Amino acid sequence: MKNNRRHFLQSAAAVTGGALLAGIAGSKEAQAAVQSGNLPPDVPSWMKKLGTGVEAAPYGEPVKYERDVIRRNVPFLTATTESSVSFTPLQDLDGVITPNGLCFVRDHGGTPVVDPVQHRLMIHGLVERPMVYSMVDLMRFPTESRIYFTECAANGGMDWRGAQMQGVQFSHGMVHCCEWTGVKLSTLMNETGVSPKAKWMLAEGADAAAMTRSIPIEKAADDVLVAWSQNGERLRAENGYPLRLVVPGWQANTSVKWLRRLKFGEEPWETREETSKYTELMADGKALQFTWAMLAKSVITRPCPEKPLAGKGFCEVSGLAWSGLGKVKRVDVSFDGGANWAPASLQEPVLTKSLTRFRIPWEWNGQLAYLQSRVIDETGYIQPTIVEMRKAWGSNAVYHKNAIYTWRVNQNGTVDSVEVN
Amino acid sequence: MLKSISVLAVALAGALAAGTATAQTYGFGQPATPAAIAGWNIDVNGLSGAGLPAGRGTVAEGQKVYEERCASCHGVFGEGAGRYPVLAGGQGTLTADRSVQTVGSYWPYAPTLFDYVRRAMPFPAPQTLSDDQVYAVVAFILNLNNIVPANAVMDAKTLAAVKMPNRDGFLTSTWTHDTRPDLHSTACMKNCKSGPVQVISDLVSLHVTPEQTESGNVGSQVEFKEAPAGPATAARPAVPSVTFAQVQKIIAQRCAVCHAQKPTQPGFSAAPMGVMLDTPQRIKAAAKKIGEQAVESQAMPIGNVTNMTQAERKLLGAWIAGGAK
């Protein structure tokens, strides 16, 4: 399995590496632009005829020139596409909100298309009033809209043994950040009269995996949402339509999609997804269980292997930082592989458990450079180095790799994924 | 008076459990009937076995279910076909550099297996096995792992009593950044490195450095200032170019003795599994499979009877990475 990943990533590197360099100045496209008759002093052709009517696209799509901005998967990584993952193209995104069509997808039994009229949420177990809710029922409750990141616990996992991912889409693309709208889970807990004896909640999906995770009652009652909207519109099928859990800051697997059942009980259920998977085998042969929070992580998204430097001189280095424990407090950037650091500026507003955009100006002198970012969150937690992590975690870990990541900027402006001491 | 205090206490406790101070309820939705709950209430507690249904199944019955409904993906012996999960073996590997995590080596609780198979397997048709069939196939998988004997019968009682080998292998806690083990970081700002920056893992050099270790990428240490850089304008190829002639030679020598229309390897009368690697077209068309079998899993050549070298595997990998042309 791990062998497969390694080899896939080398081939992915080869493919994207070639394609992107064709895109910089001097390329065929750039030459075509010069001959197009659309550059000054000529009047561009699109000013000399009418455009399309307003009804041409009742549901808008990105223009054709953006057709490379898509989710991508790693065919060699998994046996089937139904239990697999497709990554967010972080290299192409600005700000912190992930457009709905680009949110990474991690399914365990394919994406079901659920009829909202026939969908039900059942709440039972240690409750006074076991209930069944239709979507219409749920939407009558008081609602909330919140911006949260959602990150798969395995994000970055393919790099545990060494740099393998030639591209930020694959190294960090199992994260997205959306504005979610729904009813607070605590409202439904109050509504059904959860017993004081209940210490755990089981959340179950209506997909072919009937995905199940146990969530402790404190978290359930805190900030969890039962959501039907994502960035203002109804959820996409692949992100849980018509109803999903949003468990802020925790392994995305707990944010059960196509949510159909919540059961309250005294003990965790010890499901396959919290024993066989989503646990971390340490060097001593013992495994950590219930490692829910996604600890602070950051990555530079520009430049990156997919977005090489266009030339010497000014370059705005920009990236994303987040923490499952709260707000991002500070992001430092190094241009020399971690020897010296400078604080980046953070784009306001900085929200709790949300992606945060950082930026720092850089004068590139055309020399080899090693770019890194390091986040510190409001709890004081500092993003660790890969050397520190590997020493503490051993070689068998899959999940929760949040180490500082290094991009080597080569003298020709291309960018490679490497690890430094 | 007494009564109203206790009522208040109960209400308060409820509100606390729900994490909210408001007592307001809205009354939307329908009560869940016992019949409705019974149909959806499929969870089994992995630790206690609570929720295990009536029914039973033997290892022998399970073998039949397994061979019909599971083996195509998970392999006749649970070894896993291709990248499908391995279900058996791996015991004793949890401290190895590359652990094999299976039901037998890693899963802490037996009832979890019932819960998971009933809700999610067989992968293309979940929730189509009867409870008896699930008990039987669970018995078979446990037997494949030498956890229960061949005459075992699994039911709600016997399954909950099975003690898994890795039962005590999990440290359960609410991990925070204080308890997770990666906490030695400091936010140094100036002159944070004692020596020069060294690349300890370099994806681009994976194929080019011949003296690489098996894991492929540790050990090539390049000094910061002296690291090689490509020409100023042209792109540096991510992988060295491999000619098809090199590939064809390797395949002819290491694979085609079996994988040909007329195999020359003694004991083979036809190409195994119909995979023929005896013409350029066939080799190119099978590039992906060649990568899977000879570079990734290294299951081929079978038993490495043709003595394929690691360098040859790397070369095939580079050829595939470069587009298998």
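Hi everyone. Two strands count as paired if DSSP finds at least two bridges between them, and that is the idea to keep in mind for the residue pairs I'll show you. One caution before we start: this is a predicted model.

Let's begin inside chain A, with strand β10, residues 225-230. All the neighbours I'll mention are worth finding on the screen. In chain A, L225(A) of β10(A) stands opposite V246(A) in β12(A). The two strands, β10(A) and β12(A), the latter covering residues 244-246, are antiparallel and share 3 bridges.

L225(A) has another partner too: in the pairing with strand β7 of chain A, K184(A) is bridged to L225(A). Strand β7(A) spans residues 175-184, and 5 bridges tie it to β10(A), again in the antiparallel sense.

Now, what follows β10(A) in the hairpin? That would be β11(A), with 2 residues between the two strands. In the turn, N231(A) has a positive phi of about 55 degrees. Strand β11(A) is residues 233-234, joined to β10(A) by 2 antiparallel bridges, and one of the pairs to look for is S229(A) with R234(A).

So is β10(A) buried or exposed? Buried: 6 of its 6 residues are, so the strand is largely enclosed by the rest of the structure. The threshold behind that word is under 20% relative accessible area.

Let's move over to the contact between the chains. On chain A, 121 residues are in contact with 100 residues of chain B. Together the two chains bury about 9400 Å², with 57% of that on carbon and sulfur atoms.

How many salt bridges are there between chain A and chain B? The count is 4. In one, the side chains of R161(A) and D97(B) meet, at 3.3 Å from N to O. Polar contacts between the chains come to 39 residue pairs, counting those with both residues at pLDDT 80 or more. On the side of chain A that touches chain B, helix α1(A), residues 2-21, gives the largest share, with 10 residues. By class, that side has 53 nonpolar, 40 polar and 28 charged residues.

My last stop is a strand pairing that crosses from one chain to the other. Strand β24 of chain A, residues 415-420, runs antiparallel to strand β5 of chain B, residues 198-202, over 3 bridges. To find it, look for V420(A), whose bridge partner in β5(B) is V199(B). Of the 5 residues in β5(B), 4 are buried, so that strand is largely enclosed by the rest of the structure.

Thanks, everyone!

Conventions
Residues numbered from 1 in each chain as written. Chains lettered and ligands numbered in written order. Predicted model: local features only at pLDDT ≥ 70, side-chain atom pairs only at ≥ 80, totals over all residues. Heavy atoms only, no water. Contact = heavy atoms within 4.5 Å. Buried area = accessible area lost by both parts, 1.4 Å probe. Polar contact = N/O pair within 3.5 Å; in protein donor to acceptor, adjacent residues only side chain to side chain. Nonpolar A, V, L, I, M, F, W, Y, C, P; charged D, E, K, R; others polar. Buried < 20%, exposed > 50% of the residue type's maximum accessible area, 1.4 Å probe, protein only.
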